[in-house]
Amino acid sequence: MTQALQDLLDLLDLEQIEENIFRGQSRSAVVPRVFGGQVAAQALVAAGRTVPADRLAHSLHAYFLRMGDPGAPIVYNVERIRDGRSFTTRRVVAVQHGRPIFSLSASFQTYEEGLDHQASMPSAPDPATLPTSSDRLRGYEHLDPRVVEHFLAAREAIDLRYVDEPPYGRYGAPREPHSQVWFRTNGKLADDPLLHVVLATYVSDMTLLDSVLLAHGRGGWAVGDVVGASLDHAMWFHRPFRADEWLLYDQESPSASGGRGLGQARIYTQDGSLAVSVIQEGVVRVPR
């Protein structure tokens, strides 16, 4: 396991300060606020710590309420909404400086047999044939070197490989609002199902709105032609997967309007199993 991955796992490992209250640390993201994927992942950890181990996360629905301060810890208050025979529901509110910055509802279920079908996995090149983030980013002469280093530091724990050029790599003309990335952690993880779901939640916020930018030929914050932030985020966990094995994140944007853009995606295992569905809306504004 790389040191960067161990640091990320430490970041996501919350301190329990009361029965339903947890505290997490923060760190700066590629923008001067707490990375949304970090808050979502930590909130899911807090919820999962109050649920029996045999109940697996099957969905989450979250709202980003305020920007997080990377210089201060975050307190997660868990409300035990329901403990049924098959399903368990938790609500989590993340608080900084006395104000809520994020809220999450998560549902957990005991394993059971049932009807089974899925959408087919789209075609994508083998991840081993694609350039690494380091190779790709260091090849962009138009990017500020400080931006490149911020990107690389933020993704050091994750091996994330774009199938095509990311928005900040080639922009100026609209492209199809569709993006694919392969990702996995840079090191092996323990066999804890919640941990793999939490890591996928963390990564899911990194690239989902890329397809919105592609539709309008925008490069994103890295080149300064849009400003934005996540508004809400939803995930459904369909089948078992490991975040330390290659996962294909197939993303598209069906709509943008009113200063907001919508991204929707599916995450597949390398053998074609549909593991996760994701939807996110974010603020996407053109600077005046």
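Start by selecting Arg161: straight across from Arg161, in strand S8, sits Trp182. Keep in mind as you click around that this is a predicted model.

**Stop 1: strand S7 and its partner**

Now widen the selection to residues 158–162, which make up S7. How many of the residues of S7 are buried? Five of five, so the strand is mostly covered by the under 20% relative accessible area cut-off. Colour the two faces separately: Ile158, Leu160 and Tyr162 lie on one side, Asp159 and Arg161 on the other, and both sides are covered. Next, add residues 178–185 to bring in S8, which runs antiparallel to S7 and is joined to S7 by five bridges.

**Stop 2: the whole sheet**

Zoom out and show the strands as cartoon. You'll find an open sheet of 12 strands, with antiparallel pairing. To walk across it, follow S1-S2-S4-S5-S6-S3-S9-S12-S11-S10-S8-S7. Which strands stand at the edges? They are S1 (15–18) and S7; each has a single partner strand, so one side of each is left without a neighbour in the sheet. Look along the sheet for the twist, which averages 25° from one strand to the next.

**Stop 3: S2, S4 and S5**

Select residues 74–83 for S4 and 87–96 for S5: eight bridges hold this antiparallel pair together. One pairing to pick out is Val75, which stands opposite Val95 of S5. The link from S4 to S5 is a hairpin of three residues. Then add residues 21–24, strand S2, which is antiparallel to S4 and joined to S4 by four bridges. Here Gly24 has Ile74 of S4 as its bridge partner.

**Stop 4: two helices**

Select residues 36–48 (H2) and 193–207 (H5) and hide the rest for a moment. The axes of these helices come within 7 Å and cross at roughly 160°, which makes H2 roughly antiparallel to H5. The crossing is right-handed. Turn on side chains at the contact: H2 brings Gly36, Gly37, Gln38, Ala40, Ala41, Leu44, Val45 and Gly48, while H5 brings Leu194, Val197, Val198, Thr201, Tyr202 and Asp205. What kinds of residue are these? Eight are nonpolar, five polar and one charged.

**Last stop: back to the sheet**

Bring the strands into view again, keeping S4 and S5 with their eight bridges as a landmark. H5 packs on the sheet, where it touches S3 (55–64), S7, S8, S9 (227–237), S10 (247–257) and S12 (274–285). Compare directions and you'll get about 150° between H5 and S9. That brings you back to S7, one of the strands touched by H5.

Technical notes:
Residues are numbered from 1 along each chain as its sequence is written. This is a predicted model: local features need pLDDT of at least 70, side-chain atom pairs count only at pLDDT 80 or more; totals for chains, interfaces and linings use all residues. Side-chain values use heavy atoms; hydrogens and water are left out. Axes are lines fitted to C-alpha atoms, for helices over the stretch in contact, and angles run from 0 to 180 degrees between N-to-C directions. Angles under 35 degrees count as roughly parallel, over 145 as roughly antiparallel, 65 to 115 as roughly perpendicular and the rest as oblique. A crossing is left-handed if the near helix is turned anticlockwise from the far one by less than a right angle, and right-handed if clockwise. Contact means heavy atoms within 4.5 Å. Ala, Val, Leu, Ile, Met, Phe, Trp, Tyr, Cys and Pro count as nonpolar, Asp, Glu, Lys and Arg as charged, and the others, Gly among them, as polar. Buried means under 20% relative accessible area, exposed over 50%, partly exposed in between (1.4 Å probe, protein chains only). Two strands pair if DSSP finds at least two bridges between them.
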